[in-house]
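Me: I am new to reading protein models. Could you take a close look at one part with me and then connect that part to what lies around it?

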Amino acid sequence: MKTYKSHDYEYGDLVVLTFSGYSQVKEGEIGIVGYRYSAIANIHFANVSGAFPYDQFVPLEALCK
């Protein structure tokens, strides 16, 4: 699957977590992009917010195609 970069996202975009190594948030959960930085983005999920590397999530529409 393609790895998206910071310029592929805007504030408020919906994303899906594709990484399964967290205990508070599970693979497949949908979040909203907050701030974007060069290597990470702040993502707001239903029960947690945090900074995630771009290779751990994809835009929601990428999975809906």
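Me: Which residues is Phe45 in contact with, leaving aside its neighbours within four places in sequence?

Reply: Happy to help! Leaving aside neighbours within four places in sequence, Phe45 is in contact with Leu17, Val25, Glu29, Ile30, Gly31 and Phe52, where contact means heavy atoms within 4.5 Å. Before we go on, a word on what you are looking at: this is a predicted model, in which local features need pLDDT of at least 70 and side-chain atom pairs count only at pLDDT 80 or more, while totals for chains, interfaces and linings use all residues. Residues are numbered from 1 along each chain as its sequence is written, and side-chain values use heavy atoms, with hydrogens and water left out.

Phe45 also belongs to the largest nonpolar core, which has 13 residues. Such a core is a set of buried Ala, Val, Leu, Ile, Met, Phe, Trp, Tyr and Cys residues joined through side-chain atoms within 4.5 Å. Here buried means under 20% relative accessible area, exposed means over 50%, and partly exposed lies in between (1.4 Å probe, protein chains only). Phe45 is among the residues with the most contacts inside this core, together with Tyr9, Val15, Ile43, Phe52 and Phe57. S1, S3 and S5 are the elements that give two or more residues to the core. Strands are DSSP runs (E, at least two residues), numbered from the N terminus. In soluble globular proteins, nonpolar side chains tend to be buried together.

Now follow Val15 into the sheet. Its bridge partner in S2 is Gly31, and in S5 its partner is Pro59. S1 (residues 14-17) is joined to S2 (residues 30-36) by three bridges, running antiparallel; three bridges also join S1 to S5 (residues 57-59), again antiparallel. Two strands count as paired if DSSP finds at least two bridges between them. Five strands make up the open sheet, in the order S4-S3-S2-S1-S5, with antiparallel pairing. S4 (49-53) and S5 are the edge strands, each pairing on one side only.

On the other side of S2 comes S3 (residues 40-44), paired with S2 in the antiparallel sense over three bridges. The two form a hairpin with three residues between them. Ile32 has His44 as its bridge partner in S3, and His44 also stands opposite Ser49 in S4. A second hairpin joins S3 to S4 through four residues, and five bridges link these antiparallel strands. Look along S3 and you will see its side chains alternate: Ala41 and Ile43 point to one face and are buried, whereas Ile40, Asn42 and His44 point to the other and are not.

Finally, the rings. A search of the whole structure finds seven aromatic pairs. Rings of Phe, Tyr and Trp (its six-membered ring) pair if their centres lie within 6.5 Å; planes under 30 degrees apart count as stacked, over 60 as edge-to-face and the rest as tilted. Phe19 and Tyr22 form an edge-to-face pair, 5.2 Å centre to centre with 65° between the planes. Phe19 is partly exposed, with a relative accessible area of 34%, and Tyr22 is partly exposed too, at 28%. The Tyr54 and Phe57 pair is tilted, because the planes are at 50°, with the ring centres 5.6 Å apart. Both Tyr54 and Phe57 are buried, and they form one aromatic cluster with Tyr4 and Tyr9.
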